[in-house]
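User: Hi! Could you walk me through the reasoning behind some of the labels on this model?
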Amino acid sequence: MLALRLVGAYLRAQPLRVLLAVLGIALGVATVVAIFTLDANTVAARLEARAGDEVRADLQATLSATAGKPDPESRAALVALPGVARVGTAGFTQAEARAAGASGPKAALELIGISGAVEAFGAFDLSAGGSWGETWSAPPRALPPLLVSEELARERGWGLGTVLELEAPPVSLDPVRRCEDGRWVEERSAGAAVARARPPAVVFEIAGLLRRFRLGARAAGRVAIAPLEEAARVRGVPALDRVIWIQRRAGVDLAELRAAVRAALPNAAVDSAVTAAIGEEPDERAFRNGVRVAGVLALVLGLFVIFHALSIALLQRMRTIAILIALGLTRGAIARLFLLEATLIAGVGAALGALLGLLLAKGLLVSGLTTLGVVEGGVQLFVVPWRQVLTLALLGFALALAGAAHPLWRSRSWSPDLILRTRDLPAGRGVFERVDLFFAAVLLVCIPLVYFFTIEVIGRDAERVLVVFLGGLAAFALILASLHLAPGLLGALIRLALWPARRILPLEAELVSRSMSGLFGRVVVGVGGLALVAAALVALRGMTDSLRGEVRAFADAALRAKLFVTLVPRDEQDPRSIADFRDRPLEGEWLRTWCAAQPEVVGYELASLRLDAPFPIRALPPEQARWGLLAERADLRERFADPRQPGLLISRRLAAFEPELLRRGTIALPARTRSGAIEVRVLGVCDDYGIFQTERSFGVIAPEFFRLFQCMDPEQISAFTLKLRSGAEAAAVVQRLESELGARFGVRWKTGEEKLAFELADIDRDFFLFDVILALVAILAGLGLLHSLWIAALERLREIAILKAVGFTPGQVRVLFGLEALTTGALGGIFGVLLGVPLLWLVIRGLRALSGLDLPFVLPWTWMAVAALLSALLGLAAGLLPAWRASRLEPAPQLRGE
């Protein structure tokens, strides 16, 4: 109780110091909690938006019934892959059902056959009956189990235990079509269908009722689910067209797993992430990991603040502590008092920080800021990742106590007799000696260990993130250590920074120079905090400029002198106009003739022909490719145009994300043929062709691929891209196009330059989140410097009293502290710029590895100057309060030693 009363009395006596200490910890914790909560809600909102029809799978492979291995062999091949955790299969067909022995019309439904660990994928939900796993593992039934949708069961009066007969519909009503040589061919003619006997009915027992959810929502809720083999029996075929869902093991990289699945199932079309891998494509995870690292660095600055706050507590109470020791209180008891105070401050700060972080995350989500870019209209969903929030709050609490440990350990050598005999407080060097080395050790050892043992790194990038993370911390620690080990260098820099002031205020500049040169530890900490903010600003703006440079380089190949055209119905409100647009699309011959008559048009691409698996693929007529790689390479153009051995060009982004495409040289693309897939050659990498929307991972192929293997007509066009000659007026070309097509179509168009402007603005919108983090970090650094200058005021009370006694005015005292704050800020800006350049190099190297982007190294010269200026202004702002308090000091009590 005595300890609590002593600590409570002191905390009430120093409300401003306590407030600043709590605020520093709270801001550090709030920043990192807000970031991780924001990231969790970003992914959750994406999942919710896609949750209606998709299962919880990382990859999905689509197999034709006539292609590839039988389902048990396919699943066995996938389960054998090291990164695969679970595999499930669903096959789809049509069937008719009625209760056994009943008469009357049959119920038409979609029959879905399933096998494997399907429940783990959340593919369906039951309103009655046991789980599918229980149904599957129950003692052998007399009849195979069947799950029926609630709507169908209610309509027909079926319930659990009802016996149903299922059979395939008449073949003539359900012909099987294949694309052969560009024409749809029915495998069974209507006459053969009538002559051929239908497979016998298969009898099932209803074991559960399906809610209208995912698989249960297909076919307007008229669905039944059965074991895959039994569903194939109903159809009377060995296998069904099917999809295979794959979940990966923890820590397995999505791109590597996708390549392994493609190798195991060469005839399957393997799609990208379905739902569970949202935010894990290389560019997305690079952005998310960068935001997380920035949040943890904000927490590091929170450690600055608590260290200063507890150092002040020691300095202010040295006489009290000495008296207590002289009265018989042990040093252990003193230490417990001090740690109790630190625990209270750190606990309140961490709890407040967690609450503020959740509120900040909510505000960012409502405004549309997420860790995957800006969302128009904001995100209304809000879930709290309690495990991460509590872990981060405890992390902030532990780091705050670690900051308290060093000054407490340094104070063990103080002599109570010496303190009671002297009138001055011992020099701050007693508290700040080797503080930079202590903090460097925390940076390089504790923070990385805590980060990588408590916070999941997204994707396979743990090693790369570790390199960037440790590189930045090492550069910061090196600056702190170099300033400590080379005090002469710091003294010279202080004198250099004060040189302009010496010509105007020589006495004040000399006093500030002596004060700062004698207290290196305190100065180093203040300079280091501001340097970290300035370095972060330089690195952030340099990264943004590098990304903008990469986008401009892409635009030079993909967007310059291009006109993107989409045709729409002339009157989008008139059903007749809509029907006419659908029934009479633009003819390819008309477009070829029109483009040949336009001197500004070099060639065109077909955007209306598109395949979306395994990545977006668009059509490029070889004879129209009169620019770019195919125009430069006649041999490549010839191979690209070969209709029987299709050639594929892929974009640079896709080549970086999936390098196995270049290593293998071929890829299986889905086809509507008997084989279900067609092997195409990967001929080269370029960005000259194929872009239409914002997606930059794509491929281009000749239109004959779509005609021969997809039965899509290249002569029916609704969207295309015109390549214009340099200097051509896009508006004039569009005007002529509209005058030619105005009677039939509406024309929507956008130039490549407009798309480029949107991409550059999108970078600025996405990276605004980093500006928010940077603002919070700047506030933290300002609080740290404020504490440092507060300590300076405490250490120099007697000096200030003497100066005021010999005639120094309050204004001159304010100038002393303002000049010291400004000098500290200027040095922080200089060192921040010096630190920002290698930090930017590390960030660019890391982004290249993480995202596959070919980023240029761009020095943001303007922002380097802005960073130095802002650091100086931030230092000056932090010195206002200590300067004001010092100017109000009464000299007489200090001269008497009170």
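Analyst: Happy to; a few residues and salt bridges follow, and please keep in mind that this is a predicted model.

User: Why is Ala-90 called buried?
Analyst: Its relative accessible area is 0%, and buried means under 20%, so Ala-90 earns the label. Ala-90 sits in strand E2 (residues 84–99) and touches, among others, Ile-112, Asp-241 and Trp-245.

User: What makes Arg-211 and Asp-125 a salt bridge?
Analyst: Their side chains meet at 2.9 Å, N to O, and the cut-off is within 4 Å, so the pair qualifies. Arg-211 lies in the loop between strands E9 and E10, and Asp-125 in the loop between strands E3 and E4, so the pair ties together parts that are 86 residues apart in sequence.

User: How do you know that Arg-652 and Asp-687 form a salt bridge?
Analyst: The N to O value is 3.9 Å, which is also within 4 Å.

User: Which of those two partners is buried, and which is exposed?
Analyst: Arg-652 has a relative accessible area of 52%; exposed means over 50%, so Arg-652 is exposed. Asp-687 has 7%, under the 20% limit, so Asp-687 is buried.

User: Why is Leu-822 called partly exposed?
Analyst: Its relative accessible area is 33%, between the 20% and 50% limits, so partly exposed is the right term. Leu-822 lies in helix H31 (residues 810–851) and is one of the residues in a nonpolar surface patch.

Definitions and conventions:
Residues are numbered from 1 along each chain as its sequence is written. This is a predicted model: local features need pLDDT of at least 70, side-chain atom pairs count only at pLDDT 80 or more; totals for chains, interfaces and linings use all residues. Side-chain values use heavy atoms; hydrogens and water are left out. Helices (H or I, at least four residues) and strands (E, at least two) are DSSP runs, numbered from the N terminus. Buried means under 20% relative accessible area, exposed over 50%, partly exposed in between (1.4 Å probe, protein chains only). Contact means heavy atoms within 4.5 Å. Patches are made of residues with over 30% relative accessible area and no salt bridge: like charges are joined within 9 Å, nonpolar side chains (Val, Leu, Ile, Met, Phe, Trp, Tyr) within 5 Å. Accessible areas come from the Shrake-Rupley method with a 1.4 Å probe; for residues, only the protein chains shown count as cover. Lists of a residue's contacts leave out its neighbours within four places in sequence.
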